[in-house]
Amino acid sequence: MKLSIICMGKTRERFVQEGLAKYLRFLKPYADVEIRELKEEKIHDLKDAPAVRKKEAEKIFKAVRAGALLVALDERGQEFTSHDFARFMNSALENGVREMAFVLGGAMGLDEAVTGKANRVIAMSRWTLTHEMARLALLEQLYRAFTIITGKTYHY
């Protein structure tokens with residue numbers, strides 16, 4: 001399975017870069033994973049948030065390959081336990097999904113056009129995470145899901 005992580009902005013924190021590299025390495029036996037960092041829009045004033053989200057949505061739609069199952073990560077989405085997420089991933093595998101695109105918004109979140117078009121909207125947590133930390137948490141949960149699916153001893 002091909003997994004695309006589409007996110008706004010670069011990963012600047014070194015410890016996050018190291019964590020991403022670690023989980024990308026761990027995921028290699030299970031999936032072909034790519035992180036696509038898109039240029040985020042500058043935010044001059046919070047009142048510009050809707051326009052920023054709209055511009056970023058246009059970039060996101062261009063980055064999602066045709067035929068990919070679109071999964072938006074948004075605080076208003078459905079919360080999963082790790083086992084629920086593993087069942088979701090396993091169901092996609094069993095149903096022949098060849099590519100999934102996980103989309104994380106920038107500082108202003110995702111535009112409703114993205115969440116509205118998504119096949120699934122998932123909330124990672126009720127907490128607010130930086131978009132860099134959200135990338136790392138997503139990769140860790142993807143790895144955890146694959147180990148649950150395959151019966152490996154990572155998740156207890």
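Start by selecting Ile35, which you'll find in strand 2. This is a predicted model, so keep that in mind as you click around. Ile35 comes out as partly exposed, with a relative accessible area of 25%. Now show what surrounds it: setting aside neighbours within four places in sequence, Ile35 is in contact with Ile5, Cys7, Leu20, Leu24 and Leu139. For a sense of scale, draw a distance to Gly116: the two C-alpha atoms are 22 Å apart in space, and the residues are 81 apart in sequence.

**The sheet**

Next, colour the strands. There are 5 of them in an open sheet, in the order 2-1-4-3-5, and the pairing is parallel. Which strands stand at the edges? Strand 2 and strand 5 (120-123) do; each has a single partner strand, so one side of each has no neighbour in the sheet. Tip the view and follow the twist, which averages 30° from one strand to the next.

Zoom in on strand 3 (residues 69-79) and strand 5. These two run parallel and are joined by 5 bridges. To look at a particular spot, pick Leu73, whose bridge partner in strand 5 is Ile122.

**Helix 5**

Keep the sheet on screen and add helix 5 (131-150). Helix 5 packs on the sheet, where it touches strand 1 (2-8), strand 2, strand 3 and strand 4 (99-104). Compare directions and you'll get about 165° between helix 5 and strand 1.

Helix 5 has 20 residues and reaches 29 Å from first C-alpha to last, close to the 28 Å expected at 1.5 Å a residue. How many of the residues of helix 5 are buried? The count is 14 of the 20, so helix 5 is largely enclosed by the rest of the structure. Step just past the helix and you land on Gly151, which has a positive phi, near 75°.

**Helix 1**

Now select residues 14-27, which make up helix 1. Its 14 residues reach 20 Å between the first and last C-alpha, close to the 20 Å expected at 1.5 Å a residue. Show side chains for Val16, Gly19, Leu20, Tyr23 and Leu27, the buried residues here. They cover an arc of only 100° around the axis, which puts them on the same side of helix 1.

What do these buried residues pack against? Look for strand 2 (32-38) and helix 5. Spin round to the face turned away from the buried side, and you'll meet the exposed residues Arg14 and Arg25.

**Helix 3**

Move on to helix 3, residues 82-94. At 1.5 Å a residue its 13 residues should span 18 Å, and the end C-alpha atoms are indeed 18 Å apart. Highlight Ser82, Phe85, Ala86, Phe88, Met89 and Ala92, the buried residues of this helix. Look down the axis: they fall within an arc of 160°, so they line one face of helix 3.

That buried set packs against strand 1, strand 3, strand 4, strand 5 and helix 5. On the other side of helix 3, Arg87 and Glu94 are exposed. After the helix comes Gly96, another stop for phi: the value is positive, near 80°.

**The aromatics**

Last stop: show the aromatic side chains. A search of the whole structure turns up 10 aromatic pairs. One of them is Phe80 with Phe88: the ring centres are 5.9 Å apart and the planes are at 35°, so the pair is tilted. Phe88 is buried, at 12% relative accessible area.

Then select Phe85 and Phe102. How are these two rings arranged? They are edge-to-face, 6.3 Å centre to centre, with 65° between the planes. The pair links distant parts of the chain, since Phe85 sits in helix 3 and Phe102 in strand 4, 17 residues apart. Buried or exposed, what do you expect for Phe85? Phe85 counts as buried, at 6% relative accessibility, and Phe102 counts as buried too, at 0%.

To finish, select Tyr23, Phe26, Tyr30, Tyr143, Phe146 and Tyr154, which form one aromatic cluster. Tyr23 should look familiar: it is among the buried residues of helix 1.

How values were computed: Residues are numbered from 1 along each chain as its sequence is written. This is a predicted model: local features need pLDDT of at least 70, side-chain atom pairs count only at pLDDT 80 or more; totals for chains, interfaces and linings use all residues. Side-chain values use heavy atoms; hydrogens and water are left out. Helices (H or I, at least four residues) and strands (E, at least two) are DSSP runs, numbered from the N terminus. The expected span of a helix is 1.5 Å times one less than its number of residues. Buried means under 20% relative accessible area, exposed over 50%, partly exposed in between (1.4 Å probe, protein chains only). The arc is that of the directions from the helix axis to the C-beta atoms. Contact means heavy atoms within 4.5 Å. Two strands pair if DSSP finds at least two bridges between them. Axes are lines fitted to C-alpha atoms, for helices over the stretch in contact, and angles run from 0 to 180 degrees between N-to-C directions. Rings of Phe, Tyr and Trp (its six-membered ring) pair if their centres lie within 6.5 Å; planes under 30 degrees apart count as stacked, over 60 as edge-to-face and the rest as tilted.
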